[in-house]
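Could you walk me through this structure, step by step, as someone who has not seen it before? Plain paragraphs would suit me well.

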Amino acid sequence: MTKYIIQRLVYLLITMWLIATFSFFLMKTLPGTPLTMEDKLSESQKEIILEKYGLNDPVPVQYAKYLGGLVQGDLGISFQYDNRSVVSIMEDRVPVSAQLGLQSLIIGTILGMLLGLIAAIYPNSPIDYSSTIFAVLGISIPSFIFAGLLQYYFAVKLDWFPVAFWGEFKHTVLPTISLAIFPLAIAARFMRTEMLEVMGSDYIVTARAKGISNATVVFKHGLRNALIPLITVLGPMAVGLMTGSLVIENIFAIPGIGEQFVKSIMINDFPVIMGTTLMFSFFFILIILVVDILYGVIDPRIRLAGGKD
């Protein structure tokens, strides 16, 4: 296991270098410049700004400087905020997105697992059909539709929650529900499907034949094996939720990293775009490693590459 983890961490570093390199040169091919109101600036003013951010250097020199800073944890200076580092912007924005994503993931996963479990225990029942319809709607309808409906009924009509903005816990309720519907639907469908397959397995039939209670069969033997495919799906989804939702954060005016990412794209703030891309990539690769390790924890029969510890 230790050898496997070290090997994967080395792969992680190589992958991050490739992503940083590809993203950097891709940024350089995009049209436009980060200079706002460029037409109203004199040539000397443009030169001063370009020199300040090192944009007058040849691209290979810029790349070498960026990699050098990256190794030291420096992601550069934002073009849109005067003299403010990308790291400080992310320190302000990421916790907001992470809180919202974590709340959505926990609520969506727990409720989805319960819904799928009940549907699998009572197949072809009204509960099962209702679960299927809800899951299809949750997967098919975009989250911004739910966000608009929730804002209209629970904020405008009933005045139970704020329409938008960020502050107290009540500001998080509607965006959390909007984001939680998709993982809830996915968890419900996967849990139902996997539980039905597991409950029909020979070892479950044997356990029941030995007189083991239905609750023990379901929760001890069935649920454990049904979790593995669900974890595979939820891992990347967790990264997507916790690193900022571009749409939901803009609809609810939440100052998260997703909202900042959209602003940065609009004005070609390359350092922030690069920093956000690298952060998302890092967490995505890391969560895949965690998922692989969890396989072995949930089901000891699964052995990771490298075999023995």
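Four rings, those of F24, F25, Y63 and Y66, come together as one aromatic cluster. Keep in mind as you look at them that this is a predicted model. Two members of the cluster make a good starting point: F24 and Y66 form a tilted pair, with 5.8 Å from centre to centre and 35° between the planes. This pair links distant parts of the chain, since F24 sits in helix α1 (residues 2-29) and Y66 in helix α3 (residues 59-71), 42 residues apart. Both F24 and Y66 are buried.

Now compare another pair of rings. The centres of F282 and F283 are 5.6 Å apart and their planes meet at 70°, so this pair is edge-to-face. F282 is partly exposed, at a relative accessible area of 33%, and F283 is partly exposed as well, at 37%. Across the model, the count of aromatic pairs comes to nine. A ring can also have a charged neighbour: R84 lies over the face of Y81, at 5.9 Å from the ring centre.

From rings we can turn to charges. Side chains of opposite charge can pair when their charged atoms come close. How many salt bridges does the model have? The count comes to six. One of them joins D128 and R192, whose closest N and O atoms are 2.5 Å apart. D128 belongs to helix α5 (residues 126-140) and R192 to helix α7 (residues 170-199), so the salt bridge ties together parts that are 64 residues apart in sequence. Are these two partners buried or exposed? D128 has a relative accessibility of 2% and so counts as buried, and R192 is buried too, with a relative accessible area of 15%.

A second salt bridge has another setting. D57 pairs with K65, and here the closest N and O atoms are 2.8 Å apart. D57 is partly exposed, with a relative accessible area of 23%, while K65 is exposed, at 53%.

For a third example, go to helix α11 (residues 257-266), where both K263 and E259 lie. Their side chains meet in a salt bridge, at 3.5 Å from N to O. The two residues are four places apart, about one turn of the helix. An α-helix has 3.6 residues a turn, so residues three or four places apart point the same way. E259 is buried, with a relative accessible area of 13%, whereas K263 is partly exposed, at 35%. The pair does not stand alone: R93, E259 and K263 are linked in a network of salt bridges. Helix α11 has several buried residues, namely I257, G258, E259, Q260, F261 and S264. After α11 comes N268, which has a positive phi, near 55°.

Next, look at the surface. Which residues make the nonpolar surface patch? L102, I106, I107, I110, L111, L114, I118, I121, Y122 and I127 form it, over about 860 Å². Helix α4 (residues 86-121) gives the most to this patch, with eight residues. L102 is found in α4, and its relative accessibility of 39% makes it partly exposed.

Two single residues round off the walk, each with partners from elsewhere in the sequence. The first stop is S281, in helix α12 (residues 270-298). S281 is buried, with a relative accessible area of 10%. Setting aside residues up to four places away in sequence, S281 touches M16 and I19.

The other stop is V233, which is found in helix α9 (residues 214-242). With 24% relative accessibility, V233 counts as partly exposed. What does V233 contact, apart from its neighbours within four places in sequence? The residues in contact with V233 are I186 and F190. V233 can also be placed against V291: these two are 58 residues apart along the chain, and 9.5 Å separates their C-alpha atoms.

Notes:
Residues are numbered from 1 along each chain as its sequence is written. This is a predicted model: local features need pLDDT of at least 70, side-chain atom pairs count only at pLDDT 80 or more; totals for chains, interfaces and linings use all residues. Side-chain values use heavy atoms; hydrogens and water are left out. Patches are made of residues with over 30% relative accessible area and no salt bridge: like charges are joined within 9 Å, nonpolar side chains (Val, Leu, Ile, Met, Phe, Trp, Tyr) within 5 Å. Accessible areas come from the Shrake-Rupley method with a 1.4 Å probe; for residues, only the protein chains shown count as cover. A salt bridge is a side-chain nitrogen of Lys or Arg within 4 Å of a carboxyl oxygen of Asp or Glu. Buried means under 20% relative accessible area, exposed over 50%, partly exposed in between (1.4 Å probe, protein chains only). Rings of Phe, Tyr and Trp (its six-membered ring) pair if their centres lie within 6.5 Å; planes under 30 degrees apart count as stacked, over 60 as edge-to-face and the rest as tilted. A charge sits over a ring if NZ of Lys or CZ of Arg is within 6 Å of the ring centre and within 35 degrees of the ring normal. Contact means heavy atoms within 4.5 Å.
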